[in-house]
Each structure stands twice: as C-alpha cells, then as structure tokens.
Amino acid sequence: MDGKKPYYVTTPIYYVNDVPHIGHAYTTLACDVLARFMRLDGRDVKFLTGTDEHGQKVEKSARSAGMTPQAFTDRVSQNFRDLVGAMKFSNDDFIRTTEPRHVRACQALWQTLVDKGEIYLGSYHGWYAVRDEAFYGEDELTTTPTGRKIAPSGAECEWVEEPSYFFRLSAWADRLLAHYEANPDFILPPGKRSEVMAFVKSGLKDLSVSRTTFDWGIPVPGDDKHIMYVWLDALTNYITAAGYGDPAMAEDFSHWWPADLHMVGKDILRFHAIYWPAFLMAAGIAPPLRVFAHGWWTIEGQKMSKSLGNVIAPQALIETYGLDPTRYFLLREVPFGNDGDFSHRAMVNRLNGDLANDYGNLVQRVLSMIAKNLSGIVPEPGVLAESDRRLLDAADGLLGTVRAEIEVQAFHKALDAIWAVIGAANRYVDEQAPWALKKKDPPRMAAVLYVLAETIRHLALLTQPIMPDASARILDQLGVAADARQFANFGPVHALTPGTPLPPPQGVFPRFVEAAPTA
Ligand code: MSP
C-alpha cells in the first residue's frame, strides 16, 4: 500500500464439483489480463480467485465420491489451483470458502444484517434447483410430460419446505434501481444492464437465506440448525479476502473495498448485480464499482457438456496450441460480452494469421535483419523521416487507446488497435524495403530498423498482459531490461539505446502445422 491507486478485481469462485474447463479458464483469464495490465500501468493490484465449497451440490458430489465434504473439497479445490499454474494466472490470493477467515466474515455480515433488521425468521416453501443453488418462482418453470419442473437454465427443481431466515430483498428494489440509474457502468455490457433493470422493476421477493435440511455450510450465528444459503456465503468471499470481519485488517479493507470489478459469466449476473449489492447496502457497505457479465463458449457449435463428451480442459488447449496462443485466441476471437464458439479451425486461423504471419513475422524479419546487417547491435536512428515519425507516434499512442478499451473490458478492441499498428509496421517494412538499403543507403537502413525495433518494443510492452511469455521473449531479444517493462517506459524518453548488443533472434510464434493423417 504505497499510495498507488488500488485496483481490486475478482473472479467468481468456482464450484469444486466440476473439473476446470475453458469456461472457467475464460473468466479468470479476463481478470488476469486486467490485473497484469493494471500492475504494468502502475496500479496497486489485488486479484482474487478461489473455490466455492459449501452447499447441497458439493455435498451431493462428495457423497457420490464416497468422501466427507471436507476431504472431497480439499482434494478437488486443488484442480483449480493447478489451473492457475497451467494458465499462468497472476492472482494475489486464492480463497476457499471453507477457510476460517471466510466463516468469520460471513458470520459478521450475517450479524450486521440481523442487527439492522434486514433478516427475519419465516418458512420457505417453493422450488429449488440444486444445480444452480437457486430458488425459482412457479411462473419461471416449465413442466415436462412426466411432471418434472425445469428452471430456465435447464436445471431440474425440487420442492422445498422448511423453516428459513429471509433477507428483506423486496425492500431494496427502489434503491437498487436508483443505484443502477446513478451508475450507468455498474453493470456491463449495457444489454445485460437493461435485463437486470427489467427484472428488478418487475418486483423482488424476500430471499430465503438459510436452509435446515442439510448441513454442509456455515452455521447461522445463534441458531446453528440453520446454515447460510450458499450464495450469501459465496458472494461474501469478495469482502473476506479484502479483510472484512477481521479487526486487524480494517485498514486493508478500506484500502481495497469497494472492489473495482467483479467479473462473472452471464448465468450468474443476477446474484452479483441484484442480491450482492442489496446485501451490502443493507449492511452499510458500499457495493462494488462494476459487475461485468461475459458470454458463454460453445465447442464446434455445440453446448459444452459432460454427456456430449466435448468438455475442453484448458490443459489440452495449452498442449496443442501453446499457452500464449490460447490466451490470445480466447480474448480476441469474440467481442467480450458476447457468446462465442471455439473451433479448431478458428484457433488455427488466429494462430497462423494474427500471431505467426502478422506479429511473429514482423518481429522475426526485423530482428534477423538487425542480426545480419548490423551485427546484432541496436543502430543509431539518425534523422527521422515523416513516415518514421508516423509509425512511432502510432505505437506511442497505442497506450492511451488500449488503456481506454481495457477500462471497459473491451479486450477485442484493445487487440484490434494493437494489430492495426502491427499491420502498419508490416506495411512500413514493405515500403521501406530495408534489405535493399544495405548497399544503397546504410544510414537509412539503420534508421528504418531502429524505428521498427522501437515500434516492436512498444507492441511487446502492450502484449505482456495477454501473452506474458511471448512478450517477454520479444523484449529479451530487444535487450529491454526486466525493470524497464512497465508502461511508464512508453515513448521516446525510454527508447532503445543505440549500441546495445542484442542476443541472436529466435522465432516466437511458430506456425501450427496439422499432423499428417495416420493411415
Ligand atoms: N460458484 C458459483 C459462483 C459463485 S461467485 C460468488 C459458480 N461457479 S461455476 O463454477 O459454476 O461457474 C463459474 C464461472 O464459470 C461462471 O462465471 C460461469 O459463467 C463460467 N462458465 C461456466 N461455463 C462456461 C462456458 N461454457 N463459457 C463461459 N463461461 C462459463 O457459478
């Protein structure tokens, strides 16, 4: 905490009954890119992810695995930690809802809500979908010919009747709407914001926030026959990790909270954009600054599901295409916020087109010309021509453009802007034809290669959040010191130093070659 502006970004916490797939990797990847970007941009970042370990769904999975819920969650939570390593996520904390710090925070929040008269005891009777851990109204359900009740998400519902504590959600509808009105960027993208507003306008019912018919969860303070509703428990993770409920961490909490961004998939927006700000406001705590709902991935045009056997493990993509191309593809292929389709064809097109042909080839051509024609030494720029300045200015100006797009989670637009400069740099190589200048005009060749190397330095600084390994390799090859890779090094003041010897160039983005079909 050194006076730099804090940036606190969170992923949803993942249900441990599932094995991680690309949907999970996607949400965390988006946050990882934001966290890396903000760190490079000089912000004090806290990036949180973790696992959601309580509730009926996890209890059921533990039972079918023949384990106690604690032993089960201890084992499977590790799958999500392994994903962090495989995808090189840079989270600063990994929270498990079974940790004592979290139990303490949940009970503190509950007690505050009780003290403020926001929770009362009643009894619940209605429909519950274990798969979604969500309550549904009769009017939201469809009935199958055999009489099964199905939620809009496709999850089967069961009838529940039990004593329950309720949160006075109905009383918060107007204040929620006022909050959405006053903060137009609280929910993004805008289409999702309209959906949430329409839902709240249609009226909110009080929310059942405790259960008595199973016990894998956090006991309600003073009435431990009840355990807290798993979504109240899960959402609280965001304040637990910031220090809520721990008097020794009061200063941390005021430093980090409110969070800048909760990144979520569209399926869980309602919990984050309605229940969560209502719980917080009711407890006298500020709501987060933004909830962004991203879309869902299908695989080769089909919904990803265990029964179809098309669930893609992120590790499989990394093995086939490499980590950085996978990270690039996921954030480039689809406008962030829309649904998208993963296909091998689309992935190979991006890999061979954007990465190998455009970015990779630019870097490769320039570095090998410097190696061959200039003995691998950064040349003197000499006097710059108008065309040189234009390219350098475009590279320098990228930071502002990309920052503005990242600020609104428009990863695809940020990448479009970067690739526009890659395109301009490749055209500049063709126009200037430095290979032809070697004999004709060596100082001009040196100037052209200098301008290109400087442009690539800017590009590689900016691609670090998306492709950390490849960008580091490019910056290594340009001789950029590890402590000169912050965005503060943008622009002419920190330009490459003529005379610096460079290591021998090595390709960074190999083409993807299809394996020959086996007979
Ligand atoms: N445990 C809750 C979240 C609690 S947050 C306080 C949960 N977990 S989850 O594991 O089911 O889902 C976590 C995230 O993965 C969600 O943001 C969800 O949208 C995302 N995805 C799951 N499948 C997905 C796709 N096929 N595509 C994109 N994202 C998907 O919900």
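Ala, Val, Leu, Ile, Met, Phe, Trp, Tyr, Cys and Pro are counted here as nonpolar, Asp, Glu, Lys and Arg as charged, and the others, Gly among them, as polar. With that in hand, the largest cavity in this predicted model is easy to describe: its lining splits into 10 nonpolar residues, no polar ones and no charged ones. The residues in question are Val33, Phe37, Val402, Ile406, Ala414, Leu415, Ile418, Leu462, Pro465 and Ile466. Two or more of them come from each of α1, α14 (386-407) and α15 (411-432), and α15 puts in the largest share, 3 residues. The volume of this largest cavity is about 60 Å³. Counting cavities of 30 Å³ or more gives 3.

The ligand is next. Its shell holds 24 residues, and the ones that come nearest are Ile13, Asp52, Gly265, Asp267 and Trp297. Two of these also turn up in the polar pairs. For Asp267, a polar side-chain atom sits 2.5 Å from an oxygen atom of the ligand. For Gly265, a polar backbone atom is 2.8 Å from a ligand oxygen. A ligand nitrogen is also involved, with a backbone N or O atom of Gly23 at 3.5 Å. As for how much of the ligand is covered, on its own it has 670 Å² of accessible area, and the protein covers 95% of that.

Which elements supply at least two residues of the shell around the ligand? They are β1 (6-15), α1 (22-40), α7 (230-235), α8 (237-240) and β14 (261-265). Strand β1 gives the most, with 4 residues. Sorted by class, the shell has 13 nonpolar, 9 polar and 2 charged residues. Helix α1 shows up twice in this account: it supplies at least two residues of the ligand shell, and it gives two or more to the lining of the largest cavity.

Strand β14 deserves a further look, as His262 lies in it. Is His262 buried or exposed? Its relative accessible area is 0%, and because anything under 20% counts as buried, His262 is buried. The side chain of His262 does have a polar partner, making a contact of 2.7 Å with the side chain of Thr10. So in β14 there is a buried histidine, while the strand also supplies at least two residues of the shell around the ligand.

The second largest pocket has a different set of contributors listed for it. About 580 Å³ of space lies in this pocket. There are 24 residues in its lining, and those closest to the centre are Phe135, Tyr136, Gly137, Glu140 and Lys205. Two or more lining residues come from each of β4 (119-129), β5 (134-136), β8 (156-167), β10 (207-208) and α10 (269-282). Strand β4 accounts for the largest share, 5 residues. By class, the lining comes to 11 nonpolar, 7 polar and 6 charged residues.

Between two of those pocket strands there is a backbone oddity. Glu133, in the loop between β4 and β5, has a positive phi of about 50° although it is not a glycine. Glu133 is buried as well, with a relative accessible area of 0%. Ser375 is another non-glycine with a positive phi, here about 55°, and its place is the loop between α13 (344-373) and α14. Is Ser375 buried or exposed? At 62% relative accessibility, Ser375 is exposed, because the cut-off for that class is over 50%.

Cis peptide bonds round off the picture. One joins Leu188 and Pro189, with omega at about -5°; Pro189 is in the loop between β9 (187-188) and α6 (190-201). Another runs from Trp257 to Pro258, with omega near 5°. Pro258 is placed in the loop between α9 (250-256) and β14, and β14 is also the strand that holds the buried His262.

Notes. Residues are numbered from 1 along each chain as its sequence is written. This is a predicted model: local features need pLDDT of at least 70, side-chain atom pairs count only at pLDDT 80 or more; totals for chains, interfaces and linings use all residues. Side-chain values use heavy atoms; hydrogens and water are left out. On a 1 Å grid over the protein atoms alone, a cavity is a set of points where a 1.4 Å probe fits but cannot get out, and a pocket is an open set with protein on both sides within 12 Å along at least five of seven lines; lining residues have an atom within 4 Å of a point. Grid points are joined across faces, edges and corners, and a volume is the space filled by probe spheres set on the points. A residue is near a molecule or strand if one of its heavy atoms lies within 4 Å of it. A polar contact is a pair of N or O atoms within 3.5 Å; within protein, one must be able to donate a hydrogen and the other to accept it, and residues adjacent in sequence count only if both atoms are side-chain atoms. Accessible areas come from the Shrake-Rupley method with a 1.4 Å probe; for residues, only the protein chains shown count as cover. Buried means under 20% relative accessible area, exposed over 50%, partly exposed in between (1.4 Å probe, protein chains only).
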